[in-house]
Every structure is written in structure tokens, then in C-alpha cells.
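Let's take a quick tour of how the strands and helices fit together here. Keep the 3D view open as you read.

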Amino acid sequence: MDPLNLEEFAWQVIVRPMKIEDYDQLVEMQLQCFPGMKPWGRDQIASQIAVFPDGQLVVEIDGKLAASSSSLILDYDPSLEWHNWQAVSDHGYIRNHDRRGDTLYGIEIMVSPEFRGMKLSRRLYDARKELCREKNLARIIIAGRIPGYHEYAEKLSAREYIERVEEKAIYDQVLTAQLSNGFSVQGLIPNYLPSDVDSLGYATFLEWLNLDYVSGAKRRYHHVVESIRVCVVQYQMRGIPSFESFAQQCEFFLDTASDYKCDFVLFPELFTAQLLSCVDAHQPGHAARKLSEFTPQYLEFFAEMSIKYNVNVIGGSHFVVEHETLYNVAYLFGRDGSIGKQYKIHITPSERKWWGVTPGDKVEVFDTDCGRIAIQICYDIEFPELTRIAAGKGAQMIFVPYNTDTRHGYLRVRNCAMARCIENHLFVAIAGCTGNLPFVENADIHYAQSGIFTPADMEFARDAIAAECNPNVETVIIHDLDFEQLRRHRESGSVRNWHDRRLDIYHVAYEEDDEWRKV
């Protein structure tokens, strides 16, 4: 079997500036999102792009517009007619945009019905927040529709409806999303858009405050924290009847990670082995190759889920057959739709004996929206040369999906992971399986205590453990890590292992792309 072309499973998700060439698709989307309301005119879109191009954004998925947002900058004035959309937006032309203002005003955000449920509004709100930080703006103000209100208007006033949505007693497709993105309701606006029959003309007046705002400053101040949020899944192996059951379990964890706004979620090595409970294969080597037949479904599922839940997914690892050869491969599913893969480089004696796995031969480092990362599958973290190569390529974090059957095996992974943090000034997250798979050879019992580890120094957590699961229970841990802290530690920590290497007497030499390199 030839290697699968990952481009066939990858998505292309781009947040980019709006162009006038988008006009026809924008109008089509507006008519779907706001039936009965007059869409933008071409002259209005052209004016928005010309006056404030940074404030007009779209999300494009595989070449098709999926969502958009429009905004302008104003100087905050409590007496301004914030309730008057036509006045604040200059009837949609935004010629009143004030580049010296302190408030970003959002005049519209919409998501195509075809792509709803994929948290695209979060991407646009995050882009607006980053624009505020870049331009040192104090706040974002928006007026939001409440399209679910017409269903409750006979029983609840608009104020009561909003309070029930805030209490999570009622779901409103617009207001609920705005609240979950950090906005707070500051007021109620009647007759905001009289043509909005679903909201009965009402809108909420919402505000998000930029905590990085510095009054009077003309430029952005650099963050002293460069935070990423990591979710590690300690996954219980159990017999299942189908791939759909496997996908359902995985989606639960992905949904949880997304609810907590995680940047990465890590699954364990060969957690797909539970699919062996629903295939007919009696010999371990044959079973491993049968497992590889699920690869297209596996790739399609995680590629879609990474977009839907707006999180970068390290999908554990999975058996793959390429050119009749069996490999153990970890995949990175980027929330931008990209897919990368890392072959396991060191094969344990049991993998070789029971399954006939062949090793890979290259250390990959992946560029993500949160920095450079690497993946080392289980046994690979026990070889310091690999992490040294990854660090030399700029990796700031190593993700280690592992699968061990005893506490001794787990301790080898854990202790080596902690050593790699000290040697290379980086973070390491490890995720393992728990539970049992009766009658599945070489995958029948599991031992795990998953964790997130740091260098050992005063600015990090005690014992160099950022977070750790209880052993052998299905659970997750979620923790924030700071890449800027890593940079400072490498430059001025109590010890500087990376800088103090004796390259005059030793180095790590490796072959890559038919060329010998060293680090």
C-alpha cells in the first residue's frame, strides 16, 4: 500500500483580510444568516475595506467563505449613540472611523449555516481581541442580536430573556457565543434593528475589556507572558463495537478541551488499538495490519474535529502500512486544517516481536500557531539525542504519546521526559492509556500516570511537575504553560544546560535528507 496523501484529508482554514472579490459570497452568506434583512451594498463593503482594512476579516475554508466580521475604531464617549447602529456605523460606510480612537466597535459578525458548530466565531473574536492588543485599544463594544427571543417573547421580557441566557437556562445562538468569548452585557437596546424580526428589534450592548491596554501609549507593549493551554488525555481502553464508538469517546475529550479553550490536546500512543476488539484477527502481526485499515477514517475524523473544536490535536499514534511496511505514526492535526506526522524512530523489543513494526528515520519539528513543537512516541523520549535534535530545530515543547503495561515502563518514560526538560529548557507532556483489552496480544493491560513537566528551577512548579493525573483512572489534566518563561530560563536560569554544552569535545551528529548535520 502506498502512503496516504495527507493533503486529501487536510483542510485549509485561513483567517484573512476581506477583499472586494469576496462581495458575492458575503451577500450570499448575509441572506442565509439574516433572512429578511437588506444585505450590504458593494459600495459599503468597498468603503469598509478602504477605510479600515485591518478591521474587516473573513474565515475561508477550502477556498469558500465560512464567516466574516466587520469593525471600526471610535473614541469612547458614553454619550455616543451606541444604540443607533446606523449612526455608529455611518450607515455601513464607516467613514467615521477614528484611527486615534480607543474602542473597537464591531458592526457585524456572521457564520455561514454550512459551517456552524465549528467555533468559527471564536476565531473571529480572537482576531478582534488581538487587533485590540496590537493597536492598544481599551475595549471592544458590540451590539448583539438575540435571535432566539421571539420564541419566548410571550412569556419573558427582553431583559428576563437575557438574564436566563446568562444563567445558562436558555441557549441563544448569538448571545451565548458572545458570553463564552468573554463579553459582558452592559445594557439592552430596543429598536436597534427593527427589521430583525427574530430579535423583535432588540439587541444587547456588550463589552470586552483589554487588560493589556496602556492609557496614552501609541504602541503595543510586549506581553510578559506567552501562554498556551495544554490538555492531556489519560484514556481508558475498553472493548468497542465500531469506529463510531471510538470516535464518540474521542469527541467527548475534544469537546472538553475546546470548552476550556485549550490550544493543544494530546492523546496516548496506540489508543486506536481498542479498535482491535471489533476486528477479526487472531495473530498480533495480522491484527496490527488490520488496524491500519482504519487509517482513512482516523485521518478524516481528527482532521474535521481539530477544525470543529478549534484545537491542535496530537492524535496519539496509530499503525500505518506504507509500501507493505508497518509503522507506528503520530499525527498532528492543526486547527488551521494542516496535518503533519512523526514516525516512531526507536522500536521496543516487544513491538518488533509481536507486531513487526519498522522504525522511522527523521525528527520532525512542526510550526503551529502557538510555537514550534515536536512529537516523540513513547520509547523515543528515552533517547536524549532526539530531543537535542528537536530543540536544535527550535522546538519549545515535546508531546509524548506513550503506552506502557507496567509501572516500571511508565517510570522510564516519565523520568526521561523530566530529564529532557532540564537538558533542553523545554516543556514535555506525556499521555498514556489505562484500562484493559482482554485477548488483545501485547495491548491487554495498561499502566499510566500522565503529566506535564517543566525545567527544574525556581520560576517553575515545585518538583518540576506542572500537572499530573492520578494513576490508572480515565481523566484529563489542563494547564497553562508560558513559552516566554522558557526563553528567559534558557538565557538566565540557575543553570544553562543548552549554552554550557561542550561542543568543542562532543556534539550530536545525525543524517537528514542525505546530509550529515550536527547540533
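**Helices lying on a sheet**

Start with helix 1 (residues 23-33), which lies across strand 2 (57-61), strand 3 (64-74) and strand 4 (103-111). Against strand 3, helix 1 runs at about 90°. Keep in mind that this is a predicted model.

- Helix 4 (residues 120-134) packs on the sheet too, and the strands it touches are strand 1, strand 2, strand 3, strand 4, strand 5 (139-145) and strand 7.
- The direction of helix 4 makes about 165° with that of strand 4.

**The sheet of 7 strands**

- What order do the 7 strands follow? Reading across this open sheet, you get 1-2-3-4-5-7-6, and the pairing is mixed.
- At the edges sit strand 1 (13-17) and strand 6 (184-189), each pairing on one side only.
- From one strand to the next, the twist averages 25°.
- Strand 6 is joined to strand 7 (residues 203-209) by 5 bridges, and the two run antiparallel.
- For a spot to click on, try L188: its bridge partner in strand 7 is T204.

**The sheet of 6 strands**

- Here's another open sheet with mixed pairing, and its 6 strands come in the order 14-15-16-17-19-20.
- Its edge strands are strand 14 (366-368) and strand 20 (465-468), and each of them pairs on one side only.
- The twist in this sheet averages 20° from one strand to the next.
- Strand 14 pairs with strand 15 (residues 371-375) over 3 bridges, in the antiparallel sense.
- Which residue in strand 15 is the bridge partner of F366? Look for I373.

How values were computed: Residues numbered from 1 in each chain as written. Predicted model: local features only at pLDDT ≥ 70, side-chain atom pairs only at ≥ 80, totals over all residues. Heavy atoms only, no water. Pairing = 2+ DSSP bridges. Helix = DSSP H or I, 4+ residues; strand = E, 2+ residues; numbered from the N terminus. Axes fitted to C-alpha atoms, helices over the stretch in contact; angles between N-to-C directions. Contact = heavy atoms within 4.5 Å.
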